[in-house]
Amino acid sequence: MDNYCVFGNPIEHSRSPFIHQQFALQTQQIINYQKTLVPLDQFPHAVHTFIKQGGKGANVTVPFKEQALLLCDQLSVAAQKAGAVNTLSFIDGKTFGDNTDGLGLVADLLNNEITLTNKKILLLGAGGAAKGVVLPLLKQNPQQLIIVNRTLEKAENIVAQYQVDNLIAFSYQTLPEQTFDLIINATSASLSGFVPDIPSNIVAENTVCYDMVYGKQATCFMLWATKQGATVVMDGLGMLVNQAAASFALWRKVPPQTSIVLQQLRQILNDP
Ligand code: NDP
């Protein structure tokens with residue numbers, strides 16, 4: 001049986017083992033997928049131990065995605081651009097790093113019939129998650145992709161990596177007051193109950209508002225978006241399932257179906 005795991009700290013609440021076990025059942029793959037709590041100073045040791053034990057691949061979550069990049073012999077373009085790795089593959093003594101977060105976001109949007117081509121997109125945040133989604137978003141040829149971040153320099157650094165006309169950085173203070181087709185909250189503000197400091201008039205009735213954070217209840221950003229009149233408001237659970245699907249497909253060379261697993265996960269989240 002091939003062994004996989006997810007490394008993180010904390011890791012207790014990770015849904016990845018459930019998601020990958022469902023994908024394996026669905027595609028008749030025989031795999032074992034565990035979650036591994038890694039002490040903050042022991043990430044390289046944990047990875048090397050897993051490789052020695054015959055591990056075939058691993059997901060990496062907070063706070064180790066940047067460290068994972070340093071361990072790889074070879075990186076995908078997505079991982080290089082993101083500066084972070086969420087998927088490791090161990091093949092013939094070499095470690096390959098990829099980043100499937102952005103694919104997961106774009107797949108979730110497209111699965112919900114939200115197209116991005118020629119659209120005006122606002123990305124809130126310039127941390128690891130934001131960095132990971134810029135390349136896949138740009139590949140959809142949006143009319144405009146604006147990144148706004150509390151620390152402007154981080155948004156500017158992302159823009160400098162690409163040097164394309166439709167990617168622009170702003171601070172919250174200088175963000176142009178125009179409506180957007182899609183607003184993606186890639187900040188961690190929802191985790192502490194804050195909505196980033198954005199004006200309400202950037203939301204139109206048909207603006208899709210997407211929070212990468214997910215949970216039992218709608219996040220404060222989702223509630224804020226609904227209050228501004230947005231009719232399509234989504235959380236990041238679909239992104240989670242779809243990034244996992246992209247990792248699974250990389251490892252097992254078979255793409256799983258995501259919609260059933262997403263439904264199951266939503267049910268588990270909503271269970272009292
Ligand atoms: P990072 O810590 O790397 O970045 C956090 C970002 O949030 C930074 O841009 C930071 O701004 C910004 N921020 C934090 N608090 C505030 C605030 N009060 N107001 C405005 N901006 C704020 O985190 P990640 O990028 O790794 O993750 C971001 C979120 O995305 C997390 O909540 C995570 O759970 C979620 N996520 C979801 C995934 C999914 O599959 N659904 C996948 C990956 C992440 P500054 O730079 O100024 O500090």
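Q: In this predicted model, which residue of S5 is the bridge partner of Gly 57?
A: Strand S3 covers residues 57-60 and strand S5 covers residues 87-91, and the two pair in the antiparallel sense over three bridges. Within that pairing, the residue of S5 that forms the bridge with Gly 57 is Ser 89.

Q: Which strands stand at the edges of the open sheet of six strands?
A: The sheet is open, has mixed pairing, and follows the order S2-S1-S3-S5-S6-S4. Each edge strand has a single partner strand, so one side of each is left without a neighbour in the sheet. The strands in that position are S2 (31-37) and S4 (74-75).

Q: At about what angle does helix H2 run to S1, and what angle does the direction of helix H9 make with that of S5?
A: Helix H2, residues 43-52, lies across S1 (2-8), S3, S5 and S6 (94-98), and its angle to S1 is about 175°. Helix H9, residues 237-252, packs on the sheet as well, where it touches S1, S2, S3, S5 and S6. The direction of H9 makes with that of S5 an angle of about 5°.

Q: Which helix gives the largest share of the largest nonpolar core?
A: This core has 30 residues, and those with the most contacts inside it include Leu 105, Leu 123 and Val 134. Among the elements that give two or more residues to the core are helix H5 (101-111), strand S7 (120-124), helix H6 (128-139) and strand S8 (144-148). The largest share amounts to six residues, and the helix that supplies it is H6.

Q: How many residues are in the other core, which lies apart from the largest one?
A: Members of this other core include Phe 23, Ala 24, Ile 31 and Ala 244. It lies apart from the largest core, and its number of residues is 19.

Q: Which elements do the buried residues of H8 pack against?
A: Helix H8 spans residues 220-227, and Cys 220, Phe 221, Met 222, Trp 224 and Ala 225 are buried in it. The helix is followed by Gly 229, whose phi is positive, near 105°. The elements that the buried residues of H8 pack against are S7, S10, S11 and S12 (232-234).

Q: How many disulfides does a search of the whole structure find?
A: Cys 5 is in no disulfide, since the nearest cysteine sulfur, that of Cys 72, is 14 Å away, whereas a disulfide needs the sulfur atoms within 2.5 Å. Cys 220 is likewise in no disulfide, with the nearest cysteine sulfur, that of Cys 209, 13 Å away. Over the whole structure, the number of disulfides found is zero.

Technical notes
Residues numbered from 1 in each chain as written. Predicted model: local features only at pLDDT ≥ 70, side-chain atom pairs only at ≥ 80, totals over all residues. Heavy atoms only, no water. Core = buried A, V, L, I, M, F, W, Y, C linked by side-chain atoms within 4.5 Å. Buried < 20%, exposed > 50% of the residue type's maximum accessible area, 1.4 Å probe, protein only. Helix = DSSP H or I, 4+ residues; strand = E, 2+ residues; numbered from the N terminus. Contact = heavy atoms within 4.5 Å. Pairing = 2+ DSSP bridges. Axes fitted to C-alpha atoms, helices over the stretch in contact; angles between N-to-C directions.
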